[in-house]
Amino acid sequence: MSARPLTITPPLRLGTQGWNYPAWVGPFYPEGTRPVDFLHTFARAFDVAEIDSTFYAIPPSSTVRGWPSRVPEYFDFTCKLPQEITHERRFVNCDDLLMAFVDRMRELGPRLGPMLIQCGTDFAPSVRSSTTPTCRPIAAQSSTLGLA
């Protein structure tokens, strides 16, 4: 009889894609919740959130540094690579933008969770080889990013 393989069950984390939704006032956020308080209120129910806005632009440093101060210590953020990398440049000639993004997200410190790479619907396995050079800098720095 062979030994049963070791199974590691990662912790289950629940969150959503973003938190800055005025339409949630009433159904989720209490009536009268101001947009500046959305993240703090969101963190009462969830322990992780995707920063969906990073898909559209790299946020200012002051914004990134402010997010952790509005949530409990156990709360983490996951961020989405900018669409300029994934959809517009399609992972080609984007090292400068990628490193600018990674450096900015590093400002989250220990609150930085996984980085999400969302590709367009036309991204096929045959295109995958173009991502290798782009993703290599992230992989090489994964331990300093808190990703390893």
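The lining of the largest pocket is mixed by class: six residues are nonpolar, four are polar and three are charged. Those classes describe a lining of 13 residues. Nearest the pocket's centre lie Gly18, Trp19, Asn20, Asp52 and Ser53. The space in this pocket comes to about 200 Å³. Rolling a probe the size of a water molecule over the atoms is what shows where empty space is left. The model is a predicted one.

Now step back to the whole chain. The protein chain has six helices and four strands. Along the sequence they follow the order β-α-β-α-β-α-α-β-α-α. The chain has 148 residues, and 36% of them count as buried. Its accessible surface is about 9100 Å². Carbon and sulfur atoms account for 57% of that surface. Contacts reach far along the sequence. Take those between residues at least 6 apart in sequence: 73% of them join residues at least 24 apart.

What does the interior look like? The largest nonpolar core holds 27 residues. Seven of these touch the most other members: Trp19, Trp67, Phe75, Phe77, Met105, Leu108 and Met115. Several elements each supply at least two residues of this core: helix 1 (38–42), strand 2 (48–51), strand 3 (76–80), helix 4 (95–106) and strand 4 (112–116). Helix 4 gives the largest share, five residues. Trp19 belongs to the core, and Trp19 is also among the residues nearest the centre of the largest pocket.

Leu108 shows how the core is joined. Leaving out residues up to four places away in sequence, Leu108 touches Ile51, Val64, Trp67, Pro68 and Phe77. Two of these partners, Trp67 and Phe77, are also among the core members with the most contacts to other members.

Strand 4 offers another view. Leu116 lies in this strand. Is Leu116 buried or exposed? Neither word fits: Leu116 counts as partly exposed because its relative accessibility is 34%, between the 20% and 50% cut-offs. Beyond four places in sequence, Leu116 touches Glu50, Thr78, Cys79, Lys80 and Leu81. Leu116 and Ile51 are 65 residues apart in sequence, yet their C-alpha atoms are 9.7 Å apart in space.

A second long-range pair involves a loop. Pro60 sits in the loop between strand 2 and helix 2 (61–66). Pro60 and Arg104 are 44 residues apart in sequence, with 8.1 Å between their C-alpha atoms. Pro60 has 47% relative accessibility, so it counts as partly exposed.

Finally, look at the backbone between helix 3 (83–88) and helix 4. Most residues other than glycine have a negative phi. Which residues in this loop have a positive phi without being glycine? Phe91 is one, with phi near 70°. Asn93 is another, with a positive phi of about 50°. Phe91 lies in the loop between helix 3 and helix 4, and Asn93 has its place in that loop too.

Their surroundings can be read from accessibility. Phe91 counts as buried because its relative accessibility is 3%, where the cut-off is under 20%. Asn93 counts as exposed because its relative accessibility is 68%, where the cut-off is over 50%. The loop thus holds a buried phenylalanine and an exposed asparagine, with a positive phi at Phe91 and at Asn93.

Key: Residues numbered from 1 in each chain as written. Predicted model: local features only at pLDDT ≥ 70, side-chain atom pairs only at ≥ 80, totals over all residues. Heavy atoms only, no water. Buried < 20%, exposed > 50% of the residue type's maximum accessible area, 1.4 Å probe, protein only. Contact = heavy atoms within 4.5 Å. Areas by Shrake-Rupley, 256 points an atom, 1.4 Å probe, with all protein chains shown as cover. Core = buried A, V, L, I, M, F, W, Y, C linked by side-chain atoms within 4.5 Å. 1 Å grid on protein atoms, 1.4 Å probe; cavity = no way out; pocket = protein on both sides within 12 Å on 5 of 7 lines; lining within 4 Å. Points joined across faces, edges and corners; volume = space filled by probe spheres on them. Nonpolar A, V, L, I, M, F, W, Y, C, P; charged D, E, K, R; others polar.
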